[in-house]
Amino acid sequence: IIMKRVLTVLLIITLAVSVFATGTKEAAPASVLNAEGGRHYALRVGASDEAYRAENLQKAAEMLNKQLKAEGSKDTVSVEYVLVNDFGATLQLWLHERNFPEFIAQTGPMIANFARAGALADASYVVNGDVYSKLVPKNLRDMGLVDGKYYGVILDAECRFVIVYKPALVALGWSEKQIEDWKLAARAGKITTKDLQVLAKQIVDKGITKYGITHRPNKGADWRFTFITWNRGVVPLNDKGQVVISKQNIVDFLTYWRECVQMGITPYNHLTDFNWDMLEGDIWPNGNSFCWYGQIASKGDIMEKGNVSSEYVDANFFTIPNPVSHAGDRPVSGSNPYFYALTNASQVDEKTAEYCRRILENVLDPELQLNTSLYETHLAITAETIARPEYQADKWMMDTAYLTELMFALPSSDILSMYGNSQEMFDAIQEAEVKALDPSARGVAAIADELIAKITFNMGRGNYVVVD
């Protein structure tokens with residue numbers, strides 16, 4: 001009992017300190033006289049062990065030093081890389097100590113957590129400034145919105161799509177023109193999920209590939225993005241922040257995966273007995289699946305695990321956006337991008353805010369952008385980067401460049417996560433596949449009813465609407 005009381009008191013103190021610290025202004029950074037007689041601004045960035053995101057800021061700061069010198073300024077800047085292993089725990093520590101770095105680099109959900117804790121500054125002066133608004137498309141800039149403010153400054157973007165084994169189409173008798181026309185039709189929303197199933201079955205039935213349509217072997221981000229296809233390309237969240245639940249869309253979604261198994265194009269035990277090594281090391285690189293729901297980083301994954309070259313991937317695989325559930329819908333490609341964010345420490349005075357802005361603008365330099373796109377297999381976020389010879393030479397990257405126009409990021413919403421990203425949704429998908437060949441299995445409508453009952457209970461009344 002005493003221990004419980006002690007823990008309770010400690011929890012209350014921790015929460016009180018956090019609440020007190022939230023939204024408070026950071027102490028001024030150590031700005032000292034430098035050897036040139038100007039001021040030196042020692043800035044910091046908190047980032048994970050994917051060091052290139054922090055290193056790009058450091059290189060951007062070096063660029064700014066050259067620019068300042070050319071402008072006749074004696075000021076200098078530097079950026080220290082602060083390795084953060086657990087951003088959630090570190091947020092509380094920084095709130096307690098009031099010792100935030102000027103920058104952080106993280107995904108949208110964590111940026112939202114920092115913003116809602118009062119730790120971030122609105123970066124609209126960067127995102128909507130002359131440089132970013134000119135070089136970065138608006139749909140990508142808008143991915144950094146949290147509760148109507150630009151707390152995220154897009155850094156790099158991955159995306160999800162369907163990857164196709166080209167030799168399977170050639171073996172089916174398709175010409176190069178037919179393949180290119182089909183790719184363009186998919187981009188225009190003219191290829192449906194049913195079309196993909198029928199084509200995959202033709203290929204499997206002729207013995208060209210063992211499987212027709214495959215996917216990740218476990219729970220993960222792909223499912224919540226893929227579900228948007230069956231929600232007509234629309235994020236199921238209304239302007240009141242309520243999740244919009246459609247039983248029909250869920251039934252259609254589950255029916256697709258059940259049909260894939262029943263048609264003999266997807267293994268029934270895909271989500272129970274398969275693993276990444278089987279897929280990335282054998283099935284996918286060796287052309288044993290006509291297509292699969294993958295992402296831009298899949299190239300590097302199958303190169304590493306399948307021991308194939310970049311040239312092999314470029315010659316044998318291409319991408320199409322996820323086929324639409326209804327012909328004419330706009331195809332979409334889900335993304336979970338990384339962002340830079342400015343903490344309140346970046347706004348302690350005008351010069352600090354200005355130099356932080358200019359560093360972020362320098363990150364858009366194509367030379368630095370290659371670090372976060374081509375060399376890390378992420379989509380380029382500027383046309384200038386795509387125009388670089390190094391980028392143009394990579395067929396895989398060029399083949400996916402069009403996807404920036406179709407990309408979307410899910411808003412940071414705990415309630416929304418209880419829907420498409422829930423364990424309950426994954427369990428429903430798994431049951432749809434595993435039981436697909438079982439005559440005694442319950443129908444997908446019954447699975448959908450149970451799913452809706454569970455997720456609406458978890459969300460709580462008032463946080464959702466059921467539209468059918």
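Two strands count as paired when DSSP finds at least two bridges between them, and with that in mind the reader can start from a single pair of residues in this predicted model. The bridge partner of Tyr-211 is Ser-289, which lies in strand 11. Strand 11 covers residues 289-295, and strand 9 pairs with strand 11 in the parallel sense over three bridges. In general, the strands of a sheet pair through backbone hydrogen bonds, in either a parallel or an antiparallel manner.

These two strands belong to an open sheet of four strands, arranged in the order 9-11-8-12 and with mixed pairing. At its edges are strand 9, residues 211-214, and strand 12, residues 317-320, each of which pairs on one side only. From one strand to the next, the twist averages 25°.

From the sheet we can turn to the nonpolar interior. The largest nonpolar core has 134 residues, and those with the most contacts inside this core are Phe-114, Trp-182, Phe-290 and Ile-359. A second core, separate from that one, consists of five residues, among them Ala-221, Ile-228, Val-332 and Phe-408. Trp-182 counts as buried because its relative accessibility is 10%, below the limit of 20% that is used for buried residues.

Aromatic rings offer another way through the model, since a search of the whole structure finds 24 aromatic pairs. In one of these pairs Trp-182 appears again, with Trp-174 as its partner: the ring centres are 5.8 Å apart and the planes stand at 80°, so the pair is edge-to-face. Elsewhere in the list of aromatic residues, Trp-223, Phe-227, Trp-230, Phe-253, Tyr-256, Trp-257, Tyr-293 and Tyr-419 form one cluster.

Some rings also have a charged side chain over them. The charged end of Lys-183 sits over the ring of Phe-318, at 4.9 Å from the ring centre, while Arg-187 lies over the face of Tyr-402, with a distance of 3.7 Å to the centre of that ring.

Charged residues also meet one another. As a general matter, side chains of opposite charge can pair when their charged atoms come close. The structure holds 29 salt bridges, and one of them joins Glu-259 to Lys-194, with the closest N and O atoms 3.2 Å apart. This pair links distant parts of the chain, for Glu-259 belongs to helix 12, residues 247-262, and Lys-194 to helix 10, residues 193-205, so that the two residues are 65 residues apart. Glu-259 counts as partly exposed, at 24% relative accessibility, and Lys-194 is likewise partly exposed, with a relative accessible area of 41%.

Where do Arg-216 and Asp-222 stand, buried or exposed? Arg-216 is buried, with a relative accessible area of 12%, and Asp-222 also counts as buried, at 6% relative accessibility. These two residues form a salt bridge in which the closest N and O atoms are 3.6 Å apart.

A further salt bridge is formed by Glu-390 and Arg-388, whose closest N and O atoms are 3.0 Å apart. Glu-390 is partly exposed, with a relative accessible area of 30%. Finally, salt bridges that share partners join Glu-71, Lys-351, Glu-354 and Arg-358 into one network.

Key:
Residues numbered from 1 in each chain as written. Predicted model: local features only at pLDDT ≥ 70, side-chain atom pairs only at ≥ 80, totals over all residues. Heavy atoms only, no water. Salt bridge = Lys/Arg side-chain N within 4 Å of Asp/Glu carboxyl O. Buried < 20%, exposed > 50% of the residue type's maximum accessible area, 1.4 Å probe, protein only. Phe/Tyr/Trp six-rings, centres within 6.5 Å; stacked < 30°, edge-to-face > 60°. Lys NZ or Arg CZ within 6 Å of the ring centre and 35° of its normal. Core = buried A, V, L, I, M, F, W, Y, C linked by side-chain atoms within 4.5 Å. Axes fitted to C-alpha atoms, helices over the stretch in contact; angles between N-to-C directions.
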